[in-house]
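Below are some questions and answers on the ligand site and a pocket of the model shown here.

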Amino acid sequence: MKRDEIVAKAKDYMVRTTLLSDIVPAEEGPVIARAEGSLSFDTEGNSYLDFNSGQMCSTLGHNNPRIQKVIEQQSKVLTHASTVYYNMPQVELAERLASINDPPLRKSVFGESGSDSNEVAVLLARRATGRLAVGALTQGFHGLSDSTRAISYSAATAGYGPPMPEVFALPTPYCYRCPYKTDGKGCCMAPLHFGMETLDRQSAGAPAAVIVEPIVSAGGVIELPVEYLQGLRKELDKRGALLIYDEAQTGMGKLGKMFAYQVYGVRPDVLTVSKHLGGGLAVSAAITTDDVAERASKYGFSTGHSHSSDPLACAAGVASIDEIVEKDLPKRAIEIGEHWQSNMRALAQRYELVGDIRGRGLLQGIELVKDRFTKEPATQVAADVYRYSLSHGLMFSVRGKFKNVLRFVPPFTTTNAQLDQAAEILESGLRRAKG
Ligand SMILES: Cc1ncc(COP(=O)(O)O)c(C=O)c1O
């Protein structure tokens with residue numbers, strides 16, 4: 001089928017959603033036909049350096065051979081199974097997840113998406129504590145099911161709501177634009193204290209949990225300062241509330257260790273993983289401690305979907321973990337991150353537009369500003385650079401509160417030459433935008 005025909009059929013038969021790009025409309029953008037490693041190809045044969053890793057789910061590289069092999073083998077044995085009995089790949093995946101986590105994080109519940117894993121995490125916290133109130137960051141994103149939309153303040157969409165009750169917004173420690181900045185060190189403690197005070201009042205002093213992304217991804221690749229995480233951990237411990245990390249974007253080796261909590265040294269009570277856990281297949285998990293699991297189960301922990309123990313996806317999950325561990329991919333994530341950041345620092349020297357460089361490993365961002373002093377967001381430039389890059393073979397996303405943060409998630413398979421090629425495309429885009 002030709003490109004125009006596919007687009008015409010899509011317009012005819014598919015419901016438009018806001019997930020589609022608002023910079024280059026899907027009707028004008030590429031129709032993806034195939035992919036391999038760090039490259040995606042459209043129906044016209046054009047190639048793209050895929051610095052979105054698909055939808056961040058092909059971070060092992062598109063069509064990873066190990067995943068292909070396990071799909072072939074498992075599909076001949078058992079693709080789908082009942083959720084009311086155990087199956088082998090499901091139990092194996094739970095064991096593997098325990099082996100790559102630090103104790104006491106060792107018990108898993110499975111799902112199919114980032115959204116449902118976060119719903120499960122909130123549910124675990126509510127059941128285990130017997131409380132309801134949940135805090136989440138103003139720039140966080142945890143999914144687009146109705147209950148995760150309710151804790152995704154950065155994705156608040158006009159006309160939606162009312163949200164799930166007993167959820168409360170906490171200020172994001174966004175150091176680059178900290179409104180509380182007092183010139184002193186540790187200004188990120190101000191959002192922590194304001195947030196906790198508000199949460200205490202709103203929850204009558206008894207919150208169930210706070211959920212955060214260790215690097216707030218869609219909110220603009222904002223790395224939460226370690227002292228914020230340490231402080232949050234302490235404050236929640238004081239209240240008997242749980243700390244949940246949404247590691248959809250930071251987990252499974254992307255930041256240089258298997259999980260972000262191992263990078264920052266502040267452990268959550270529940271963490272969620274999804275995205276490339278299945279090496280490109282849909283599987284997610286909420287992982288917690290024996291204590292939280294037992295408390296939740298005691299009070300009737302009801303969750304699960306028809307596909308939430310699918311042996312095909314779980315077998316892919318096992319293979320994906322083996323690939324990350326055996327090939328020491330976290331080490332490659334550090335190398336890619338350092339190489340990319342040195343490219344970005346070189347760009348920042350030549351273009352005032354680059355206001356801030358953020359992120360780690362395979363989750364990187366640059367914030368574009370019109371003026372480094374006023375930090376006025378360069379939203380239009382970001383859109384122009386995106387458009388230019390897409391038409392010259394580089395895919396990434398534009399995120400953040402002001403839609404001025406370029407986010408890059410290259411797969412582990414990306415070579416240094418590909419990183420340099422991407423930086424050159426970006427530079428041409430910036431040069432053009434600057435006029
Ligand atoms: C941090 C984070 N959590 C949750 C989600 C939702 O995942 P899904 O789209 O698989 O439901 C996303 C999606 O991008 C995400 O970035």
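Q: By class, how many residues of the shell around the ligand are nonpolar, polar and charged?
A: This is a predicted model, in which local features need pLDDT of at least 70 and side-chain atom pairs pLDDT 80 or more, while totals for chains, interfaces and linings use all residues. Residues are numbered from 1 along each chain as its sequence is written, and side-chain values use heavy atoms, without hydrogens and water. Residues around the ligand (a heavy atom within 4 Å of it) include Ser113, His142, Glu213 and Ala248. By class (Ala, Val, Leu, Ile, Met, Phe, Trp, Tyr, Cys and Pro nonpolar; Asp, Glu, Lys and Arg charged; the others, Gly among them, polar), the shell has two nonpolar, seven polar and three charged residues.

Q: Which helix gives the most to the shell around the ligand?
A: Helices here are DSSP runs of H or I with at least four residues, numbered from the N terminus. The top contributor spans residues 114-129 and supplies three residues. That is helix α5.

Q: How far from an oxygen atom of the ligand does a polar side-chain atom of Gln249 lie?
A: A polar contact with the ligand is a pair of N or O atoms within 3.5 Å. A side-chain N or O atom of Lys275 is 2.8 Å from a ligand oxygen. For the polar side-chain atom of Gln249, the distance to a ligand oxygen is 2.8 Å.

Q: Which backbone lies 3.5 Å from a nitrogen atom of the ligand, through an N or O atom?
A: The partner on the ligand is a nitrogen atom, and the protein atom is a backbone N or O. The residue is Phe141.

Definitions and conventions:
A polar contact is a pair of N or O atoms within 3.5 Å; within protein, one must be able to donate a hydrogen and the other to accept it, and residues adjacent in sequence count only if both atoms are side-chain atoms. Helices (H or I, at least four residues) and strands (E, at least two) are DSSP runs, numbered from the N terminus.
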